[in-house]
Amino acid sequence: RSILEPFGYTVEGIPVEHCLHLKTAFAHVAEDVMLINPDWIDPVLFPSMKIIHVDSLEPYAANALKIDGEVLYPEVFNQTRQKLEAENIPLRTIDVSELSKAEAGLTCSSIVFTP
């Protein structure tokens, strides 16, 4: 907080339950849309956003990565993928089965640089 405050940023802590990483619980998938596992993070924390809940049988399905207006998305989460497609979220599904073997997801296996 003290480092970012002089640059006009505010930092708020977000409680997360039942998962190791914040980005496992939610993803920003479009300008005003969040993909969330509501069992792991409270959607009320994002009042100005449209919320898409992951399918209850796919608890890890919120781990997605938005790059250049397209969302990289694990191909194994079919039910949640259908919810994203119904909202016209541009997706590129990819096989992350090797990452999953090490309990990893897209966000914890990526370093994203923006200009």
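Helices here are DSSP runs of at least four residues, numbered from the N terminus. Keep that in mind, since we'll be talking about helix 2 by its number. One more thing before we set off: what you're looking at is a predicted model.

Let's begin with the whole chain. There are three helices and six strands, and if you walk along the sequence you meet them in the pattern α-β-β-β-β-β-α-β-α. The radius of gyration is 14 Å, close to the 13 Å that the globule rule gives for 115 residues, so the chain is as compact as a globular protein of that length. Its C-alpha trace spans about 40 × 30 × 30 Å along the principal axes. Of the 115 residues, 33% are buried.

On the outside, the accessible surface adds up to about 7800 Å², and carbon and sulfur atoms hold 53% of that. As for charge, you'll find 8 positive and 17 negative side chains, with the centres of the two sets 3 Å apart.

Now zoom in on helix 2, residues 78-86. Which of its residues are buried? They are Thr80, Arg81 and Leu84. Seen down the axis of helix 2, these buried residues fall within an arc of 105 degrees, so they line one face of the helix. Here's a handy bit of background: an α-helix has 3.6 residues a turn, so residues three or four places apart point the same way.

What covers those buried residues of helix 2? The cover includes strand 1 (26-30), strand 2 (33-36), strand 3 (50-53), strand 5 (70-74) and strand 6 (91-94). Finally, after helix 2 comes Asn88, which has a positive phi, near 60 degrees.

Terms used: Residues are numbered from 1 along each chain as its sequence is written. This is a predicted model: local features need pLDDT of at least 70, side-chain atom pairs count only at pLDDT 80 or more; totals for chains, interfaces and linings use all residues. Side-chain values use heavy atoms; hydrogens and water are left out. Helices (H or I, at least four residues) and strands (E, at least two) are DSSP runs, numbered from the N terminus. The radius of gyration is taken over C-alpha atoms; the globule rule is 2.2 Å times the number of residues to the power 0.38. Buried means under 20% relative accessible area, exposed over 50%, partly exposed in between (1.4 Å probe, protein chains only). Accessible areas come from the Shrake-Rupley method with a 1.4 Å probe; for residues, only the protein chains shown count as cover. Lys and Arg count as positive and Asp and Glu as negative; His and the chain ends are not counted. The place of a charge is taken as NZ of Lys, CZ of Arg, CG of Asp or CD of Glu. The arc is that of the directions from the helix axis to the C-beta atoms. Contact means heavy atoms within 4.5 Å.
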